[in-house]
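Biologist: I am new to this structure and would be grateful for a close look at one part of it, namely the aromatic side chains. Please then place them in their surroundings.

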Amino acid sequence: MTRHEGPQGKRGPQLVQGWEQEGNRVVLYCPDTVLEVHAYTDSILRFRFSPTGRFEETFSYATILEDMPALGSIDLEVTHEGDVWHFRTQKLHCRITKTLHISVFDLEGTLFNEDERGFFWEPDREHGGNIIYCSKKIQEQEAFWGLGDKPNRLNMRGMRFETWGSDMYGFEKTTDPLYKNIPFFMGLHHEVAYGIFFDNTFRTRFDFGHERSDVCTYWSRGGEMNYYYLHGPELTQVVENFAWLTGTPELPPLWALGFHQSKWSYFPADKVREIAARFRKEKIPCDVIHLDIDYMDGFRCFTWDEEHFPNPRRLIAELEVDGFKTVTILDPGIKIDREYRIYKEGVEKGYFCRRADGPLMEGNVWPGPCHFPDFTHPEVRQWWSKLVEEFMQYGVHGIWNDMNEPAVFGSGTFPMDTRHHYEGVPCSHRKAHNIYGMQMARATYHGMKSAIFPRRSFSLSRSGFAGIQRYAAVWTGDNLSTWEHMWMACVQCQRLCMSGVSFCGSDIGGFIGDCNGELLTRWTQMAVFHPLFRLHSSGDHADQEPWVYGEPYTSAIRKAITLRYHFLPYIYTVMWRHVESGTPAIRSLVLLDQHDPETYFRMDEFVFGPHVLICPIFHAHAEGRTMYLPRGNWYNYWTDEVVEGGKEIWVETTLETFPLFIEAGATIPVYPAMQYVGEKRIDSLDLHVYYGEDPCTSEVYEDAGDYYDYELGNYTVRTFTLLVDEDEGISLRQIRKGRYNSEYLSFCFHLHGFPFEPTEIRVDRTKLRLKRQKKGQPFFFEVDKDFEEITFHGPKDPGDKPAK
C-alpha cells in the first residue's frame, strides 16, 4: 500500500483498515496511523490523530474533563456505509472517509467545517518526532475570530499567528506572539459558526488563508494533532461550549470589580498612604492598591523591604480601614542567595528546573541570577502554595503573577533543553513553556484560597494557556501611552473574552511613555466596561494617577470611575452569568448579531453583558464620532434619546461623555455613588427600565459580594421581563429564584421612554399610591423588592403625555 505524500515530502494517512467503538469513543485504524473520535456532548467532538499508530501517555492542563462527574451517555449513532463513517448526535452529523477526511454538518445538512487535506506530518529533523498539521477548507466569505490577546484586527481572515508566550515590552499592533497562549478559534460562514480548540502546548501556528487564500491550517512542532470541534450555530454558543470544556472562574469578590490603582512602584509605605489619602480627598472611588516589585527585599519573593515597609501588617490594616484592599506582585524567579530561606528550600528539595545534562537552569531577571520553580510538578506547586499562604498572613488580599511567560532577560525565556516534571511525564521546555505561567497562577490561587477561605481572593496573571480563567484574571501586558494602544486594548479585551477569558483588562493610560489628560480620560471611560478596571504605569515615566493632569480631566475621570460604581450590580450580574454559563462578559458586535454582515468587521464597538453598548473615543479633540448601532432600538445613556439601529450614526460627545447606549426593554440595576464597595448601606436598589416594544428579559444577581456561600445556593437571581400588549398594556414581571436576602427592602424604579406618564400603577394587582413628580424629573416610584408583576396604565390616548 502506498503512503500518501504531499508537497515537500509531507506525509498523509493511509486508508482505514478497521475500526471499533466503545460507547462514545470510536477508533479508526490505518496501517501506520490511528484516529480517535470521542463525543463528549452533543456539540463537542474530540479528534486525536497519531502518525505513529499509537497514542502516548498524555493529559490536558486546559480541559476540566477529568474533574467533572462521570459524563452521561451521549446518544452517539455510528454507521459505516461503503467508504464513509457517519457519526450523529442530537445536534450534528460528522462524516469521515476512508482517507480520514472529516466534514461536519448540522442535522439539516448545512456544512459547518470540512478538511482540505486534513491530517499530515513531516519529521522534525532538529528535535525529533514530527511536525503535525491539519488543514481545512475556508468556505465562501468565511471569517475567523479568537486566539486570545492578539492586538491586530479582530477578523483574522488572511492572517497568520502563533502561540508562544512572550514578554513583549512595548508591543506593536503587528507583534506576534504575545503573553497568552490560547489555541482556540471560531469560524463563521453562511451565518453559522463553529470552533476549533487545538489542545497542544508546543509552539503552535495558525494560518487563516495567508499562504493559500482558501485554506486554514494549524500545526505544531511536537505533540499530537489533538483538537476539539465545538458546534454552534451561534458564536456565543461556541464560546460557552469552550467554557464548558476549559472551565470558568470562581465569582470574584465584588471589590475586585471596583477601581484598582497601581504603579511600578509605590514605595515607601508613606507614599502608599499618601496615594490612598489623595483618593479619598479627591472623592475618586478606589477599592484596590497594587504594590509592585519594590516592596520586596532586593526583589526576593515573599519578603518585605524593612527600610521602606517596616510594618506591612499595620500598613495593610490601615488601608483596609479606609476601604482599600492590597494586592502584591510575585515573579517566578528566585534569587540565587544562600542566605535566602526560600532559595535554600528550593535547592535542597529539588524544586528548581534543570538543564538536560543536570545543572540548575539559571536566568537573569529583576533580582539578578535566579533559579525557577518547576510548576509542572505537583509537589512544587504545593510548596509555592504554602509560601503564598504564609505570605497572605500579612493581610494581603490578592496576588499579581508577573514575568511568568516565563520571561528571562537577554534570552527571552528558558533554554529549550530545560527539563520539566510535567505531572510525571517528563519533557523539555518546548512542551512546558506555554503552560508555565498558568501553573504558577494555579499554585498561587490555591495558596490564596487556603489562606483566606471562606473569603474570596483575587489573582492576576500576565501569561496563561487555555483554562487560565480558572485561576486568575489577566491583563494585556506592557502597553504604550498612545491612542493606538488604547484601540489595541479594546480589541484585545474583546478577543480575550471570546477566547474564554472574561476577567480581563489593560493598563489604563498605558504602562510605557507619558500619557496626557485627554487620553487618560478616554481610556478610563472605555475601561469602565472592561471587567478588570486597573490603572497601571511605569516609574520610568511621569505620574499617572487620576488627578495628575488637573481640571477638566480630574472631574471627567472622577465621573467615569463613579459611573463604574453605579453600574456595579449590573457588572456583577454579567460576571455571574459568565461563571455560570461561560457567556463572554464583553461581546464584539458579531457575537451580538452574526446574522448582520455589517458586524463582521466592526471592532470599535462592543457590548458589555446583554444590554449595554459602548463605542470608545480613540482620537484627540473629538467632539463626537461615527459608530455602527446594531439592529434594534437603543437609548443614548446621556440624553435618553431612542435611536433605531442597523445603521451608522453620528454621536456627539463632550470630554465627560462617550457613546454609551442601553438596549430598549432592558432593566438595569444601579448603585448609589460610593468611594469603595461596602462604604454605604443600600436601603433601596435603583432599577432603570428602558421601554421597548419587543419582550426583553434582564437579570440581577445578588449575594453577599464575598465568601463562598453562593456555591451552596445562598444567592438570588431576579429575572425581569418587560412586556407590551395591546390589550393588557405594559407590564414588568419578576421571577425570583434563590434564598439570599439582600439588605435593601425595596426597588426604586426609574422609567425611560415610556409612551405615557403612568396615571395608575398596580403592584400585584394592588393600586400604588403615586407621589407627585417634580417638574422635569424622570418618572420614578418605589415598591417592595419581592413583587411579582407591575402594570402601568396611562391616559386613554397614550400619545397625550410621553414620559420624560
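Modeller: A suitable starting point is Y744, whose ring has the charged end of K785 over it, 5.3 Å from the ring centre. The model is a predicted one, and every value given here is computed from it. A second arrangement of this kind involves an arginine: R313 lies over the face of Y394, and the distance to the ring centre is 4.5 Å. Both distances satisfy the cut-off for a charge over a ring, which is 6 Å from the centre.

Aromatic rings also pair with one another. The count of aromatic pairs in this model comes to 75. Such a pair is described by two quantities, the distance of the centres and the angle of the planes. For F185 and F208 the centres are 5.1 Å apart and the planes stand at 80°, so this pair is edge-to-face. The reasoning is direct: the centres must lie within 6.5 Å for a pair, and planes over 60 degrees apart count as edge-to-face. The pair links distant parts of the chain, for F185 belongs to strand β16 (residues 184-189) and F208 to strand β18 (residues 204-208), with the two 23 residues apart. Both F185 and F208 are buried.

These two rings are not isolated. One aromatic cluster is formed by F47, F49, F119, W121, F144, F185, F198, F206, F208, Y218 and Y227. The strand that carries F185, β16, is part of an open sheet of eight strands, in the order β3-β4-β5-β6-β20-β17-β16-β13 and with antiparallel pairing. At the edges of this sheet stand β3 (18-22) and β13 (143-146), each of which pairs on one side only. On average, neighbouring strands of the sheet are turned by 20° against each other, direction ignored. Elsewhere in the sheet, strand β4 (residues 25-29) and strand β5 (residues 34-41) pair in the antiparallel sense over five bridges, and V26 has V37 in β5 as its bridge partner.

The nonpolar cores give the aromatic residues a wider setting. The largest has 200 residues, and F529, F749 and F792 are those with the most contacts inside it. A second, separate core has 43 residues and includes V104, F144, F185 and M225. F144 and F185 thus appear both in that core and in the aromatic cluster described above.

Returning to F529, and leaving aside its neighbours within four places in sequence, one finds it in contact with L563, R564, F567, I586, F606, F608, V612, I614, F658 and L660. Several of these contacts lead to another open sheet. Its six strands follow the order β36-β37-β38-β43-β40-β41, and the pairing is antiparallel. The edge strands, each pairing on one side only, are β36 (586-588) and β41 (642-644). From one strand to the next the twist averages 35°.

Within this sheet, β38 (residues 612-614) and β43 (residues 660-663) run antiparallel and are joined by three bridges. The partner of L613 in β43 is F661. F661 is also the bridge partner of N636, and β40 and β43 pair in the antiparallel sense over three bridges. Strand β40 (residues 633-636) is joined in turn to β41 by three bridges, again antiparallel. Here an aromatic residue takes part: the bridge partner of W634 in β41 is V643. β40 and β41 form a hairpin with five residues between them, and D640 in the turn has a positive phi of about 70°.

One further aromatic residue deserves mention for its backbone. The peptide bond from F453 to P454 is cis, with omega near 15°. P454 lies in the loop between α6 (429-452) and β30 (458-461). A cis peptide bond likewise joins E551 and P552, where omega is about 5°; P552 is found in the loop between β35 (533-535) and α9 (553-566).

Technical notes: Residues are numbered from 1 along each chain as its sequence is written. Side-chain values use heavy atoms; hydrogens and water are left out. A nonpolar core is a set of buried Ala, Val, Leu, Ile, Met, Phe, Trp, Tyr and Cys residues joined through side-chain atoms within 4.5 Å. Buried means under 20% relative accessible area, exposed over 50%, partly exposed in between (1.4 Å probe, protein chains only). Contact means heavy atoms within 4.5 Å. Rings of Phe, Tyr and Trp (its six-membered ring) pair if their centres lie within 6.5 Å; planes under 30 degrees apart count as stacked, over 60 as edge-to-face and the rest as tilted. Helices (H or I, at least four residues) and strands (E, at least two) are DSSP runs, numbered from the N terminus. A charge sits over a ring if NZ of Lys or CZ of Arg is within 6 Å of the ring centre and within 35 degrees of the ring normal. Two strands pair if DSSP finds at least two bridges between them. Axes are lines fitted to C-alpha atoms, for helices over the stretch in contact, and angles run from 0 to 180 degrees between N-to-C directions.
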